[in-house]
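Take a look at the protein shown here. This report walks through its build, its hollows and a few residues worth finding.

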Amino acid sequence: MSTTEIDLTKYVSNLDKNVYTIFNLPEEVIAVIFAYVSRSSASFRENLAKLLADDELGVQKQNDGLATANSEKAARFHEKWVVGYGHSSVAEHAVAHIGIEKISRLASAELELANSFNSFTEYSQRYQRPKRGDFYIPTLLEEKPKLKEAYLRLHHLAYDTYEQLMEGLIPYLQQTLPKQPDETERRYQARIEKIAFEDARYVLTLSTLTNLGMTGNGRALRDTLVRLLSSPHHESQQLAKDLEQEINQVIPTLLRHVKPNKYLVTTRQRLESRWKHIQVRTQPVTGPSARWITLPNYDQALKDIALTLFIQIRSLTYEHAKDIIDSLTLEELEKITQESLSNLQFFDNPMDEFQHLIYRMELKVSEANWHQLLRHNRRTAFSFGQPTIHLGFTIPPHIQAAGLEKCLTSFIEEAETIHQIIEEWNPIIAQYCVTNAHHRQVIATASLWELYHLINLRTSPEAQWDIRATFEQLYKQLQKEHPALISFAQRRLES
């Protein structure tokens, strides 16, 4: 078949414009067509027509002239280009959308942190009520019937405690939170219930099941599977195997040779062996804490911003720009910074030059808080401790004000008792007994560009109270230390 006989309208959105979409082709084939651009002077449409004419894509008449993901020719073609020639970047053009259901909150966090190029939407405990029995049971517990019995008893008690908190929170909130003007009774009750959900969920453990929608390109998905296979948690390892099986139906060639990362596994084992004698000191119960551990020098930060902006606008050499910027006063530097930020609107990000300023923060936050933070950051780098019962826990203010504190703390005491019993046998399995209220140690590094996103999002009235309190602490500290640099971060409040 000649290229002139190919009906490309089945595959591209137009034949005469310089911008067009490509569809009705396997994800792997699209990636290879894009790969041709580095070796061929022909257009994507011309290359596609040639491949179709040569039947390289395995188009069959019974498929109405459409290429299929199961085409053996398409798979061999991709094997040659991506695996044979090592064009791994090509894999970024192939995308898969995956539904993931009934995994624990512990596993969902590992999945979401495995690769920053994936996109997620997760079931929210802030908006939905859990169901009894919706928790993960580690398979290794089958070896220890008595421990399994204690584990099951704890998680049924978690559900009972959740219901008790809901029963106490809803009438308390109805008494203390008035209806808003023009708010219907139905909307009012939904708002009350949502606030109760937010607080009652602190009693749930990391074994609680969740659902996610996930989108990723081939390279990111492959790297994600490697990280999960290298996890100490059997659930995450099994999740990787299940994901690989399903993703293989969409982009099979790209997931060849996926296996645990020996470096990650070995290094973790060596470090655990080195520090296993260190005793963890239990911390008193406190609320979330956040502080800066590394801040750029304020004067130098202002100079750095002005310098990069100056070069971007005027294309000066570094030396020429630096001489001019060094001659400016602190007041002039602050004015330049404010001029570069003052027109930010509700959803805007600062200019890219603000990515050069790097900040590091130390957080002790509840697991509920942590799960929000890991999902909605843009470019934050995290190092974090494992789930633990030794760093204290957060008591939601409404639970305290409603006189329900004992209900929560009694359950947490039971969770910690069961955790300690299981920990003596298997510390990894014990992590599933950690509650949403327990604190996790986190070190986070972010640019000023990223902080504008986080502070704008997380200190707004719509933000959940726990993560809002965390970022209000950080924001207030920055207002004192870096006033001009942070002065427009809360623009969401002004919309």
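## Pockets, cores and notable residues

The residues lining the second largest pocket divide into 5 nonpolar, 7 polar and 9 charged. In this count, Ala, Val, Leu, Ile, Met, Phe, Trp, Tyr, Cys and Pro are nonpolar, Asp, Glu, Lys and Arg are charged, and the others, Gly among them, are polar. This is a predicted model, where local features need pLDDT of at least 70, side-chain atom pairs count only at pLDDT 80 or more, and totals for chains, interfaces and linings use all residues. Residues are numbered from 1 along each chain as its sequence is written, and side-chain values use heavy atoms, with hydrogens and water left out.

The pocket has a volume of about 360 Å³. Of its 21 lining residues, R126, Y127, Q372, R375 and H376 are the closest to its centre. The elements that give two or more residues to this lining are β2 (119-122), α13 (367-376) and α17 (448-458). Helices (H or I, at least four residues) and strands (E, at least two) are DSSP runs, numbered from the N terminus.

There are closed spaces too: 2 cavities of 30 Å³ or more. The largest cavity has a volume of about 100 Å³. It is lined by 13 residues, and the closest to its centre are D134, F135, H155, L204 and T208. The table sets out both hollows.

| Hollow | Volume | Nonpolar lining residues | Polar lining residues | Charged lining residues |
|---|---|---|---|---|
| Second largest pocket | about 360 Å³ | 5 | 7 | 9 |
| Largest cavity | about 100 Å³ | 5 | 5 | 3 |

How are such spaces found? On a 1 Å grid over the protein atoms alone, a cavity is a set of points where a 1.4 Å probe fits but cannot get out. A pocket is an open set with protein on both sides within 12 Å along at least five of seven lines, and lining residues have an atom within 4 Å of a point. Grid points are joined across faces, edges and corners, and a volume is the space filled by probe spheres set on the points.

Now the whole chain. It holds 19 helices and 7 strands. Of its 495 residues, 47% count as buried. Buried means under 20% relative accessible area, exposed means over 50%, and partly exposed lies in between (1.4 Å probe, protein chains only). Among contacts (heavy atoms within 4.5 Å) between residues at least 6 apart in sequence, 78% join residues at least 24 apart.

Nonpolar side chains tend to be buried together in soluble globular proteins. Here, the largest nonpolar core has 45 residues. Such a core is a set of buried Ala, Val, Leu, Ile, Met, Phe, Trp, Tyr and Cys residues joined through side-chain atoms within 4.5 Å. Y151, Y162, L165, L169, V203, I399 and I422 touch the most other members. The elements that give two or more residues to the core are α5 (145-176), α6 (185-200), α15 (405-425) and α16 (427-430). The largest share, 10 residues, comes from α5. Another core of 44 residues lies apart from it, with A109, W292, A321 and L341 among them.

Which residues does L165 contact, leaving aside its neighbours within four places in sequence? They are A200, V203, I399, L404 and C407. E167 is also found in helix α5. E167 counts as exposed, at 60% relative accessibility. E167 and A200 are 33 residues apart in sequence, with 9.8 Å between their C-alpha atoms.

Helix α17 is mostly covered: 10 of its 11 residues are buried. Among them are W449, E450, H453 and R458.

Y127 sits in the loop between β2 and α5. Beyond its neighbours within four places in sequence, Y127 is in contact with K194 and F197. P284 is in the loop between α9 (262-275) and β4 (289-294), and P284 is exposed at 54% relative accessible area. P284 and F393 are 109 residues apart in sequence, yet 8.3 Å apart in space, C-alpha to C-alpha.

Two residues have a positive phi without being glycine. K102, in strand β1 (residues 95-104), has a phi of about 55 degrees. K102 is exposed, with a relative accessible area of 53%. S315 has a phi near 60 degrees and lies in the loop between α10 (298-314) and α11 (318-326). S315 also counts as exposed, at 65% relative accessibility.
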